[in-house]
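Thanks for making the time this morning. I would like to walk you through one model, and I will try to be careful about the cut-offs as I go.

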Amino acid sequence: MIWLGLSATLMVATALVHGLLGERRLVRPLMSLDSGIMGIDLARRVFRLAWHALSLLMLVSAASILWPGTPRGLILLIGAAWTATGLFDAVYTRGRHVGWPFLTASGLLAIAGAL
């Protein structure tokens, strides 16, 4: 259970940093652009919604792995998804995105907790 608690804690921290830091360092600067796709109001709204919806889904992942009676297979699936996302992020950004270690560690801890 400790592995799942650590995983959920990292997932919550990742979600909070994603939502707060992402809003400040990525979303707001993009919202200030008025050209290309960012010149379309609907696109701007959908981008911000999608950004914060992802943070919310991270919180749902954390709750899911701690929820009493969550099937082991579902915890493994969530862990595998976080691990794969983190590793893909590491390769795709050549290790420059700050989030990949946290995504990967969250997933590996969930997998360890399920085994």
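I will begin with how the values were obtained, then take the core, the surface patch and one leucine.

This is a predicted model, in which local features need pLDDT of at least 70 and side-chain atom pairs count only at pLDDT 80 or more, whereas totals for chains, interfaces and linings use all residues. Residues are numbered from 1 along each chain as its sequence is written, and side-chain values use heavy atoms, with hydrogens and water left out.

The largest nonpolar core, meaning buried Ala, Val, Leu, Ile, Met, Phe, Trp, Tyr and Cys residues joined through side-chain atoms within 4.5 Å, where buried is under 20% relative accessible area, exposed over 50% and partly exposed in between, with a 1.4 Å probe and protein chains only, has 13 residues. Two or more residues each come from H1, H2 (41-66), H3 (72-92) and H4 (100-114), these helices being DSSP runs of H or I with at least four residues, numbered from the N terminus; H1 gives the most, with 4 residues. Met11, Ile65 and Ile78 are among the residues with the most contacts inside this core, and Ile78 touches Met11, Ser61, Ser64 and Ile65, leaving aside residues up to four places away in sequence, with contact meaning heavy atoms within 4.5 Å.

Now to Leu26, in helix H1 (residues 2-31), which is partly exposed at a relative accessible area of 35%. Beyond four places in sequence, Leu26 touches Leu21, Phe47 and Trp51, and the C-alpha atoms of Leu26 and Trp51, 25 residues apart along the chain, are separated by 9.8 Å.

Lastly, H2 gives the most to the nonpolar surface patch, with 5 residues, the patch being made of residues with over 30% relative accessible area and no salt bridge, with like charges joined within 9 Å and nonpolar side chains (Val, Leu, Ile, Met, Phe, Trp, Tyr) within 5 Å, and a salt bridge being a side-chain nitrogen of Lys or Arg within 4 Å of a carboxyl oxygen of Asp or Glu.
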